[in-house]
Amino acid sequence: MRSATASAHPNIALAKYWGKCPGSANVPAVPSLSVTLSGMSTTTTVSFDDTLLHDELVINDARMGGRSLARASALLDVVRAEANMTARSARIVSKNDFPTASGLASSASGFAALALAAVRAAGLDWSLSQVSDLARRSSASAARSLFGGFVELDGGEGGEGGVACARPIASPDSIDLRVLVCVTAEGAKSISSTCGMRMTQETSPYYDAWLVHARRLFVQIRSDLLAGDFHAVGEGAEKSALGMHACAMAAGIVYVTGATLAALAEVRAMRAEGIDAYATIDAGPHLKCLTTSRSMHDAKERLLRVPGVLRIVETLPGEGACITQESLGQESPAQGKPGR
Ligand code: PMV
């Protein structure tokens, strides 16, 4: 049996992508820029095992099938083909220490950890950039979680067979940034980002305008970040999130809830009072408040009082994915012992 365990953090996009290039290569339509968040993580063990008849996937102690297993197996198929081990099935055991599939970027940390663990378990000596490209094919945002600090991901110009690589552009401590993740629901979200993007591309009257807006915001936020300007980055990030949601809403896709909007109003009220606070929201109901070490305490206290904010996870820019010595799940939950 060949096994490896990797750990990865989620990331939150400051300049968001929403929409894909035509074709099946899973290349984002626009470039994006994110920050990798310590304080939340996914740990995944991949074990290639000759005794297994098919791949198995266990997330947070629940055995997964259907689309989740198919997506994980598709990633493993690439690794198996590269390592000349096409006949070998694998057991994947994964744990998130935050809600799964709810807009807290579990797919980003999940596929980043899976890609790194699978590549190393197969004995492939790939660079992190190659692992990032592999993760990107399953979930574009996952490409960014391989790296720490502030990370950019190319967007393609369209066309089949495009490539899109993530790369770090600034270290975790390059600006004083704290991110308060305001959890507003514990369940899985109703519309996956893949599905939401497809519907937006097909039916939003604002999609073409979003592509122009998103590319401009990416350039602006990137240069504001490199200049170390927290307020300009925060302003750009809030615009990026609101632009993405406006475009999706026009296609009937609504991820925000009353709690999200109440938290957004509080962020804006705090800002008017001189507290460092900006908002960003991914494809889910949680609001992430971008703040500084100076304002974090006040911002957290205020946001905890917003009706519908269940709890707050304090995060800050963190490191990229890594291999760990811990090994998960030698026991198979449904069958007790691993299948023979
Ligand atoms: O790549 P996915 O399927 O995890 O979708 C990411 C979508 C957003 O989080 C809303 C934007 C982004 O750039 O991360």
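Q: Two strands pair if DSSP finds at least two bridges between them; how do you know that strand 11 and strand 12 meet this standard?
A: In this predicted model, local features need pLDDT of at least 70 and side-chain atom pairs need pLDDT 80 or more, whereas totals for chains, interfaces and linings use all residues. Residues are numbered from 1 along each chain as its sequence is written, and side-chain values use heavy atoms, with hydrogens and water left out. Strand 11 and strand 12 are joined by three bridges, and the requirement is therefore met. The two strands run antiparallel and form a hairpin with six residues between them. One of the bridge partnerships joins Thr-280 to Lys-288 of strand 12.

Q: What makes residues 287-291 a strand, here strand 12?
A: Strands are DSSP runs of E with at least two residues, helices are runs of H or I with at least four, and both are numbered from the N terminus. Strand 12 has five residues, so its length satisfies the rule.

Q: What makes strand 10 a partner of strand 12?
A: Strand 10 (residues 178-183) is connected to strand 12 by five bridges, so the pair meets the criterion for paired strands. Strand 10 and strand 12 run antiparallel. Within strand 12, Leu-287 is the bridge partner of Cys-182.

Q: Why is strand 12 called mostly covered?
A: A residue is buried under 20% relative accessible area, exposed over 50% and partly exposed in between (1.4 Å probe, protein chains only). Five of the five residues of strand 12 are buried. Leu-287, Cys-289 and Thr-291 point one way, Lys-288 and Leu-290 point the other way, and all are buried.

Q: How many aromatic pairs does the structure hold, and why is the pair of Trp-18 and Tyr-255 given its class?
A: There are two aromatic pairs. Ring centres of Phe, Tyr and Trp (its six-membered ring) must lie within 6.5 Å; planes under 30 degrees apart are stacked, over 60 edge-to-face, and the rest tilted. The centres of Trp-18 and Tyr-255 are 6.0 Å apart and their planes stand at 90 degrees, so the pair is edge-to-face. The pair links parts of the chain 237 residues apart: Trp-18 is in the loop between strand 2 (11-15) and strand 3 (32-38), and Tyr-255 is in the loop between helix 7 (230-249) and helix 8 (258-272). Trp-18 counts as buried because its relative accessibility is 3%, and Tyr-255 because its value is 6%.

Q: What makes Phe-230 and Tyr-278 an aromatic pair, and which class applies?
A: The centre-to-centre distance is 5.6 Å and the angle between the planes is 65 degrees, so Phe-230 and Tyr-278 form an edge-to-face pair. Phe-230 lies in helix 7 and Tyr-278 in strand 11 (residues 278-280), so the pair ties together parts 48 residues apart in sequence. Phe-230, at 9% relative accessibility, counts as buried; Tyr-278, at 5%, is buried as well.

Q: Why is Asn-26 called buried, and why is Asn-60 called partly exposed?
A: Asn-26 has a relative accessible area of 15% and is therefore buried, whereas Asn-60 stands at 31% and therefore counts as partly exposed. Asn-26 lies in the loop between strand 2 and strand 3, and Asn-60 in the loop between strand 5 (56-59) and strand 6 (62-64). Neither residue is a glycine, and phi is positive in both: near 55 degrees for Asn-26 and about 50 degrees for Asn-60.

Q: How do you know that the side chain of Asn-26 makes a polar contact with the backbone oxygen of Arg-136?
A: A polar contact is a pair of N or O atoms within 3.5 Å; within protein, one must be able to donate a hydrogen and the other to accept it. A polar atom of the Asn-26 side chain lies 2.8 Å from the backbone oxygen of Arg-136, so the distance falls inside the limit. The backbone oxygen of Arg-137 lies 3.3 Å from a polar atom of that side chain.

Q: Which residues are closest to the ligand, and what makes Ser-141 a polar contact of the ligand?
A: The ligand is surrounded by 14 residues (a heavy atom within 4 Å), and the closest are Tyr-17, Ser-107, Ser-141, Arg-144 and Ser-193. A side-chain N or O atom of Ser-141 is 2.6 Å from a ligand oxygen, and the pair is therefore a polar contact. For Arg-144 the corresponding distance is 2.6 Å, and for Ser-193 it is 2.8 Å.
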